[in-house]
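Here is a short report on a protein model with its chains and domains. Keep the structure in view as you read.

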Amino acid sequence: MGYTRELLELIKKVEATRSARIARARAGQDFPPLSLEGRAERLRFHPDYKAEGRRPLRVGPSKGYAICHEIADLLEAAPLVNPDAVDLRQPDYETDVLVLGGGGAGSSAALLAAKNGARVLLTTKLRHGDANTMMAEGGIQAATQQAWDSPYWHYLDVIGGGHFKNIPELVRTLVSEAPLVIEWLEGLGCLLSKEPDDPQGTLRMIHGGGTSRKRMHFAADITGAEIMRTLRDEVRNQAGKIRVLEFNPAVELILDGAGRCQGAVLLNLETKQLYVVRAKATVLATGGSGRLHIQGFMTTNHYGATADGLVIAYRAGVPVCFLHAVQYHPTGAVYPEQAEGLLITEKIRGYGAHALNVDGEQFVFEREPRDVESACFIRECLEVKKGVPTPAGKWGIWLDSPMIDAMCGAGTVEREFPGKFILFKRYGIDIGKQPMLVYPTLHYQNGGVNYNQRGETNIPGFFAAGEVTGGVHGENRLMGNSLLDVCVFGRIAGESAAAFAREKYAPGEPTLDHVRRFVAERRDAGVEGKTASPILLPDYVSQTVKDKRLPA
Amino acid sequence: MVQQPLPETVRIYIMGKEYVVPDSLTIQKAFEFAGYQWIRGCGCRGGICGACATVFRYPGSFRIEVGLACQTVVQEGMYIAQIPFFPAPKATYNLDDVAATTQAIQALYPELYKCMGCNTCTKSCPMDIQVMEYISAVIRGDLREAARLSFDCVMCGLCTARCPAELKQYHIAELARRLTGARLQPRAKHLAEQTARIRAGYFQPMLEEVERLDEAELKKRYVAREAQPQEDDPNWSPKDKSYL
């Protein structure tokens, strides 16, 4: 397979400019980064800035707040499960802490809740560890090197990347807990990359988009997978304290008459049986929504990223914030077609690889914050018309990975990016010798449910952590802060939930009346549509099959 | 089905049933094209989570092929089945109590020494990992080497499913990696120093200060940040050291 003849011709233009570009890079002459005003001007090309892409919510605690149609549709939708069909009297499970979600945030929460003496039930829609955490590649930020960095500089980078809109207490918690999280992971045996043969065990660090200091820690190019498999292994080591239920997503929260959370209703995806869980405290860690394909974009996200937790929390009365800002990762693969949407880690640009147009020329500093970088890519293709045409009729931008081998020595790409190297090798492309073709791809839900630095929501006994929450990243998350987010706030939510179960829990009569009230509000607002949420699974079945199916 | 393959389509057999699908699809997308909605057997769709371990045969071949459904493109005549789950018990342990030795691993996975060196595990790995080599490394006590060789493991379980000696290779590898990270590599000195300062409240005043700033002042400080150069220089330090 490999590149088509047309693309091979175009790659020659990239090769033609490479040595001059490398010389400039070696002399420290970066393509000039944009000023704050320049960023604002370029951001007009970001998908978020399309007015027709969003609409005000018509029902619920954040009624009037304008967000993308795809999430609005689900937040406004009718409940998947008829509340009258659920018998709440006899719980199938009882626990101190119920964790909804088995990714990085849920696993961290379960571990810390168990450590704090709670009996834990962790339920997850797919397998334990099937989550966006697993797919995060580039790294995890933490100011661990006191010679040049501190949580203060990390704070400034985070809040500037988020357009100064982030919630300060959350940012402060994120950056000051960050080194503690790295130490926790190191103690669990997570293999973050270290300087070879260094008796001081110095962790390797690089830049990411929007960072002023090198503080991106990483585990080769599979940082998230290494963190996730370590956390999963440790959760399973706690089998006596943490019980794991796979393929059992939560489909509704259970409240009591006083509005406190008392657990959740789960659905066994395979047998379709509903289970009632009574819990003293519940942690929402269900992740994001990339599989909704906002504005038709391809996505880097996991199969399960369908906003389920967001939906059930909203229905129970938790407001949402920052959902108007969606993150498009600048570098999703657009070639070959089979790999479309696949994440190409920002670490490639962190190592200095240039982003280039069809003429093989630079048009953007390669480490702008993600929203700015993506907007510049889209502008270069749609406005400047210097994108690279793909065989499938799309546009792409070259990502000049061979530069890394040229600058850091032959074999560096294969050694530092083993995951991507093997993947492209399967498609006949040697990314140490040939550039990759990329385009912005739907990557991250910047916003989510309101919560605070203790992981609390406005519902007593209900906590949240990770991508399902909003506020810490403001309007745009920086690279390396999502793995950090899930670990920092997952741990906090687990601790808080265990403390709540121990000290503050008060029993109450379980009800789903909030769901009935939501249905009434929906009717009164005249919301129509057949969609029922949470949707749980994306549906990629071809239309020809759907048209001929036995009607449901 | 009696459909004839059109140009740019192939005939595949999903658990023995014939479907005609576009030849550009991965096995995962071909199932969906054919009408399946995944519950098990589908995860990241990006080749890293190990949910979609798949076995297949080409027509006329004696050989069992393996792949991740999300990474493998369909080909004419493929007979395909998935192994979405395989029973492979994981030992539970307190990491602090496990020595970084072969004996300690063997105590948790007694089948370790049953390895007969047949190399079926390596041939069954969709990530091209030298599985038998890392098992050998564990047996001879070189856990670091086992960690290095197994680093790209997605824990799909195909090695374990096919091992005639019934080893749980991917769980053994996970333990070898964790022992390497926690026990065999030196702990990061700079990290321990920084966390000590955090626990002592050293950064609290500067974070309280920055948390109170209005947007104009924040922007000023943000723009004025001194950027560490991209080129590696372990001795670099910023001119402004007041917030370190």
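The report goes through each chain and then the contact between them.

## Chain B as a whole

This is a predicted model. Start with chain B. Its secondary structure consists of 10 helices and five strands. Along the principal axes, the C-alpha atoms of chain B fill a box of roughly 75 × 50 × 30 Å.

The radius of gyration of chain B is 26 Å, whereas a compact globule of 244 residues would have a value near 18 Å. Of the 244 residues in chain B, 40% are buried. Now take the contacts in chain B with a separation of 6 or more. Residues 24 or more positions apart account for 58% of these.

## The two domains of chain B

The domain assignment splits chain B into domain 1 (9-82) and domain 2 (95-184). Their C-alpha centres lie 28 Å apart. Each side brings a few residues to the contact: seven come from domain 1 of chain B and seven from domain 2 of chain B.

Look at the domain 1 side of this contact in chain B. Strand β4 (residues 65-68) of chain B gives the most to it, with three residues. By class, this side has five nonpolar and two polar residues, and no charged ones.

## The two domains of chain A

Chain A is also assigned two domains, and each is written as two segments. Domain 1 of chain A covers 5-49 + 327-442, and domain 2 of chain A covers 91-325 + 446-511. The centres of these domains, taken over C-alpha atoms, are separated by 30 Å.

In the contact, 28 residues of domain 1 of chain A meet 31 residues of domain 2 of chain A. Several elements supply at least two residues each to the domain 1 side, among them α11 (370-382) and β17 (436-445) of chain A. β13(A) gives the most, with four residues. The classes on this side of domain 1 of chain A are nine nonpolar, eight polar and 11 charged residues.

## Where the chains meet

How many residues does the contact take from chain B and from chain A? Chain B gives 70 residues and chain A gives 74 residues.

On the chain B side, the elements with two or more residues in the contact are α1 (27-34), α7 (169-184), α8 (189-199), α9 (204-212) and α10 (215-223) of chain B. Sorted by class, the side of chain B that touches chain A has 34 nonpolar, 18 polar and 18 charged residues.

Technical notes:
Residues numbered from 1 in each chain as written. Chains lettered and ligands numbered in written order. Predicted model: local features only at pLDDT ≥ 70, side-chain atom pairs only at ≥ 80, totals over all residues. Domains from an automatic or database assignment. Contact = placed C-beta atoms within 7 Å. Nonpolar A, V, L, I, M, F, W, Y, C, P; charged D, E, K, R; others polar. Rg over C-alpha atoms; globule rule 2.2 N^0.38 Å. Buried ≥ 20, exposed ≤ 12 C-beta atoms within 10 Å, placed from the backbone.
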